[in-house]
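Subject: Structure handed over, with notes

Dear colleague,

Here is the structure that I would like to pass on to you, together with some notes for a reader who has not met it before. Please have it open beside this message as you read.

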Amino acid sequence: MTRPIVRVALDTPLRRLFDYLPARDAIHPPQPGVRVRVPFGRQRLVGVVQSLAASSDLPAEKLKQLLEVLDEDPVFDTGVMELLEFAAQYYHHPLGEVMSAALPKLARDGAPARALVERWYATEAGLAALAGEELKRARKQRALLEALRDEPGLPGDALAEKFGDWRTPMRALVARDFTSSAETPLVSTAAEPPLLRGTGPVLSPEQAAAVAAIDGSAERFAPFLLHGITGSGKTEVYLHTVEHALRRARRALVLVPEIGLTPQLVGRFRERFGVTVAVLHSGLTDGERLAAWRECVDGSARIVLGTRSAVFAPVADLGIVIVDEEHDASYKQHESGFRYSARDLAILRAQRAQVPIVLGSATPSLETLQNVVAGKFTRLSLPRRAGQALPPRAAVIDLREHAARAGIATPAVEAMQRHLANDGQVLVYINRRGYSPTLACTACGWIAPCRDCDARLTVHLAAQRLRCHHCGADAPLPKKCPQCGYDVRHVGQGTERVEETLAALFPDMPIARLDRDVVRKRGDLESVVNRVASGEARILVGTQMVTKGHDFPNVTLVVVLNADQGLFSADFRAPERVAQTVVQVAGRAGRGEKPGEVLIQTEYPEHPLLRSLLEEGYDGFARTALEERAAAGWPPFAHVVALRASAMTLESATDFLRAARGLVRAPRGIKLLGPAPAAMARRAGRYHAQLLLEAAERAPLHRALDAWLPLVEAVKTPRDLRWSLDVDPLDLF
Ligand code: ADP
Ligand code: ZN
């Protein structure tokens, strides 16, 4: 009988599979989705079996054998395997790297997919020794052996509990063949926990209607947009639909943007459900991540809740998929390697599994809204809860007309006084951390630049450092101009300076600050949030972080210090981001009994985007923005792919992109833009440039990419050149 060929996806940048032979003595070859260890050059790599084949392009004598089959059962079921293969095709990324992104690090290194326990046994020789005199003086060894005689198969942790340091005497016993151990799968003996631990409030009619609509599509693919401001009860809808899926003996997959920023959500799920909730995110240690992943593999987790890469979690019998804050940019991996959108892949996963998916947001992405307009998604709206305060009143403060003190205009200061006097809390949002974004000389005009980026260094006054927010460069803060020796001054403001100004304006008011300089380790965020939620802090100053789903019922005034950055950006998505941020911060005001007020400081009060946002709210803004996108031929009305390159000189980056551009065959229907330097061309000492491919239809674009990429890969490049492909890029910088 001839042996089948095992086709393996390996974590290498090569866009191909690798053929191996099963071990000679294997009873049957490993199934697709199983991890194997293989020889690869001089290395040994862990890969995943993609398929079995009857023949190979390689001559039989060149084929090597698998070294080891790591799993009895696939770690990726057929559904996840199909998703991974689709992702590799769609994002034009090597399958092996895609699969490796879907595995926790320790699993990638070959750790068993199921938790094992080490159990210990006394051997025949050991038992004989116990009966004799041999161990008379080795008191500890004897005690261990007796314990194993009485209770064969004691696990290591039970031994540790009984004997403290048991490893040393055990080694002596093993050396004499008196004991042996075996690793066996951990079998949970705990009784099935109750489905629910707690109950929620009675649903409002709108919430009940949303749950009913989702339940009505329980056995088929149906995408829903759950559109409601924070606090409108979206999470309660998630909890109910998840409960119903569990009652149908299915499992739930819940994606969230960043768990570190919204620890409450995990808490809400754990409070509500008695069943195991596996939580997967990047803040876990490798061991914790492996443990959570194992709960998915062995099926003990009924709910899997996680960030981006959790979209690949092995969840059998999927019944519902939920993507919270679907507009959040962190769903798109855009920094390195395999650049995928977890939101888009979640939709695909739900489609394959034929189950509903709920995309929740207060500020849906324009892509999702367009899908609603096109009739592909069903919108479920949650208006503000009855009994709640009115929507906040929003107004602009024209910065050209009012004096400002360190960036805070007089009318904003007066409003703060009013709200604080009425026992309200105040939230001040600014999109920059640090003390000031610029350090300048008062005499010669010198400005502290980053040596390696086209950017200025940010002053961090408390730490007495100058830091680059792009490359991480960090230097002492000079007191005098290094060029002429004159005094320096701090120009502009960041959170640190705003906090200082507010402390001077309101000396009796405790102030809390929330930004990445304050939140450095676990628990930091909670402690700031608690200071505000408890009412201890009266004013909160912060960056984007303050927009993330916290519930501060006593905040009645929100001040947006500068909405202008982004209004004039070259990036077509910048206005969408500004609108989302403004709406999300504004949503922090007036969540309790008292009405809220929102003030937006700007130098461009007439800007059409700001106007539509203020006059017609987010929906009005979205309509205007979608019209603009349609007119300009930008997504979602076109499909964009970016080929990015970076090198030690701008010339070599653009030379490469120009060569690549010349290799595009049959560019009919495809618009080529560039190569052009990135908006910030020099970052961390490297020069960045990009070439955009744009097409109205997805299929011809992807066909062109299939033909083009092998040619691009064959382009001879200087050693320092790096390039990458980004399908559906979020940033065009
Ligand atoms: P979102 O996810 O949209 O921010 P939540 O589901 O967290 O909203 O609801 C906000 C708050 O309102 C929570 O404290 C929640 O317990 C409460 N809540 C939600 N739905 C109801 C309801 N039907 N009746 C009473 N309270 C509710
Ligand atoms: Zn820098």
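What follows goes through some helix packings, two single helices and a few backbone details, and please bear in mind throughout that this is a predicted model.

**Helices that pack on each other**

I begin with helix α5, since α5 appears in two of the packings. Helix α4, which covers residues 124–131, and helix α5, which covers residues 139–150, have axes that come within 10 Å and cross at roughly 120°. That angle lies outside the range of 65 to 115 degrees that counts as roughly perpendicular and is not over 145, so α4 is oblique to α5. The crossing of these two helices, α4 and α5, is left-handed. On the α4 side the residues that meet the partner are Gly126, Leu127, Ala129 and Leu130, and on the α5 side they are Arg142, Leu145, Glu146 and Arg149. Sorted by class, the contact of α4 with α5 consists of four nonpolar residues, one polar and three charged.

The other partner of α5 described here is helix α7, residues 167–175, and the two pack at an angle of about 75° with their axes 9 Å apart. The helices α5 and α7 are therefore roughly perpendicular to each other. To this contact α5 gives Lys140, Gln141, Leu144, Leu145 and Leu148, while α7 gives Pro169, Met170, Ala172 and Leu173. In terms of class, the contact of α5 with α7 holds seven nonpolar residues, one polar and one charged. Leu145 is thus listed in the contact with α4 and also in the contact with α7.

A further pair is formed by helix α1, residues 78–90, and helix α12, residues 342–353, which pack at an angle of about 140° with axes 10 Å apart. What does this make of their relation? The helices α1 and α12 are oblique to each other, and their crossing is right-handed. The residues in contact are Val80, Glu82, Leu83, Phe86 and Ala87 from α1, together with Leu345, Leu348, Arg349 and Arg352 from α12. By class, the contact of α1 with α12 has six nonpolar and three charged residues, and no polar ones.

**Two helices and what covers them**

Helix α11, residues 286–297, has twelve residues, which at 1.5 Å a residue should span 16 Å, and the 16 Å between its end C-alpha atoms agrees with this. Its buried residues are Arg289, Leu290, Ala292, Trp293, Arg294, Cys296 and Val297, and these pack against α3 (105–108), β12 (276–280) and β13 (301–306). After α11 comes glycine 299, which has a positive phi near 80°.

Helix α19, residues 650–662, has 13 residues, and the 18 Å from its first C-alpha to its last is close to the 18 Å expected. Here Ser652, Ala653, Thr654, Phe656, Leu657 and Ala660 are buried, and the elements that cover them include the strands β30 (639–647), β31 (670–683), β32 (686–695) and β33 (722–727), as well as helix α20 (698–713).

Helix α20 is also where leucine 711 lies. Leucine 711 is partly exposed, with a relative accessible area of 30%, and leaving aside residues up to four places away in sequence, leucine 711 touches Leu663 and Arg665. Between leucine 711 and valine 664 there are 8.7 Å in space, C-alpha to C-alpha, although the two are 47 residues apart in sequence.

**Backbone details**

Two cis peptide bonds may catch your eye. One joins proline 635 and proline 636, with omega about 5°, and proline 636 is in the loop between α18 (608–632) and β30. Another joins glycine 674 and proline 675, with omega about 10°, and proline 675 has its place in strand β31.

There are also residues other than glycine with a positive phi, among them alanine 406, where phi is near 45°, and aspartate 423, where phi is about 70°. Alanine 406 is in the loop between β18 (404–405) and β19 (408–409) and is partly exposed, with a relative accessible area of 27%. Aspartate 423 is in the loop between α14 (410–421) and β20 (425–429) and is exposed, with a relative accessible area of 52%.

With best wishes

Definitions and conventions:
Residues numbered from 1 in each chain as written. Chains lettered and ligands numbered in written order. Predicted model: local features only at pLDDT ≥ 70, side-chain atom pairs only at ≥ 80, totals over all residues. Heavy atoms only, no water. Helix = DSSP H or I, 4+ residues; strand = E, 2+ residues; numbered from the N terminus. Expected span 1.5 Å × (residues − 1). Buried < 20%, exposed > 50% of the residue type's maximum accessible area, 1.4 Å probe, protein only. Contact = heavy atoms within 4.5 Å. Axes fitted to C-alpha atoms, helices over the stretch in contact; angles between N-to-C directions. Parallel < 35°, antiparallel > 145°, perpendicular 65-115°, else oblique. Left-handed = near helix turned anticlockwise from the far one by under 90°. Nonpolar A, V, L, I, M, F, W, Y, C, P; charged D, E, K, R; others polar.
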